[in-house]
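Let's take a friendly walk through this structure, beginning with one residue in a loop and then working outward. Keep the picture at hand as you read.

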Amino acid sequence: EPQTETLAETENFMAWRADEPDDETTYYLQLGRATINFFKEEWEELLDSIPELLQAKPNEEGMYAVSFDNVDVWMDDEDWTEFQQIIRELGK
């Protein structure tokens with residue numbers, strides 16, 4: 001059974017890691033109903049991109065987009081504010 005640890009949490013979003021029995025660590029980012037999993041190297045890339053993510057601007061319709069290895073997540077201003085909260089907490 002994997003050992004899990006919550007890394008950051010907001011009202012609707014959550015980030016956690018799971019240490020698997022085979023010594024692999026997997027990271028998870030739950031954004032509302034979508035959950036994206038990351039291997040260690042991918043997670044480190046996400047953490048490295050936090051400064052860039054915090055400076056993102058909305059498109060013409062006021063939507064923000066984040067892309068994770070062929071997965072695009074679109075957020076309105078309210079969700080984007082919450083996303084910024086969780087990535088700031090992860091960046092500490």
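D23 is found in the loop that links β2 and β3. Bear in mind that this is a predicted model. Is D23 buried or exposed? With a relative accessibility of 74%, D23 counts as exposed, because the cut-off for that word is over 50%. The backbone of D23 also deserves a look: its phi is near 70°, which is a positive value in a residue other than glycine.

**The two hairpins**

The loop with D23 belongs to a hairpin formed by β2 and β3, with 5 residues between the two strands. Strand β2 covers residues 13-19, and its pairing with β3 is antiparallel, over 7 bridges. If you want to find one of these pairs yourself, start at R17: its bridge partner in β3 is Y27.

Now follow the chain along β3 to the next turn. β3 and β4 also make a hairpin, this one with 2 residues between the strands, and here G32 has a positive phi near 65°. Strand β4 spans residues 34-39 and runs antiparallel to β3, joined to it by 6 bridges. Across this pairing, L29 has I36 as its bridge partner, while Q30 stands opposite T35.

Here are the two hairpins side by side:

| Hairpin | Residues between strands | Residue with positive phi |
|---|---|---|
| β2 and β3 | 5 residues | D23, about 70° |
| β3 and β4 | 2 residues | G32, near 65° |

**The strand they share**

Strand β3 takes part in both hairpins. How many of the residues in β3 are buried? The strand consists of residues 25-31, and 5 of these 7 residues are buried, leaving β3 mostly covered. As a general point for reading such strands, side chains in a regular strand alternate between the two faces of the sheet.

**The whole sheet and its helix**

Stepping back, we see an open sheet of 4 strands in the order β1-β2-β3-β4, paired in the antiparallel sense. Why do β1 and β4 each have one side without a neighbour in the sheet? β1 (3-9) and β4 stand at the edges and each has a single partner strand, so one side of each stays free of a neighbour in the sheet. From one strand to the next, the twist averages 20°.

Finally, helix α1, made of residues 40-48, packs on this sheet and touches β1, β2, β3 and β4. The direction of α1 makes about 110° with that of β4.

Key:
Residues numbered from 1 in each chain as written. Predicted model: local features only at pLDDT ≥ 70, side-chain atom pairs only at ≥ 80, totals over all residues. Heavy atoms only, no water. Buried < 20%, exposed > 50% of the residue type's maximum accessible area, 1.4 Å probe, protein only. Pairing = 2+ DSSP bridges. Axes fitted to C-alpha atoms, helices over the stretch in contact; angles between N-to-C directions. Contact = heavy atoms within 4.5 Å.
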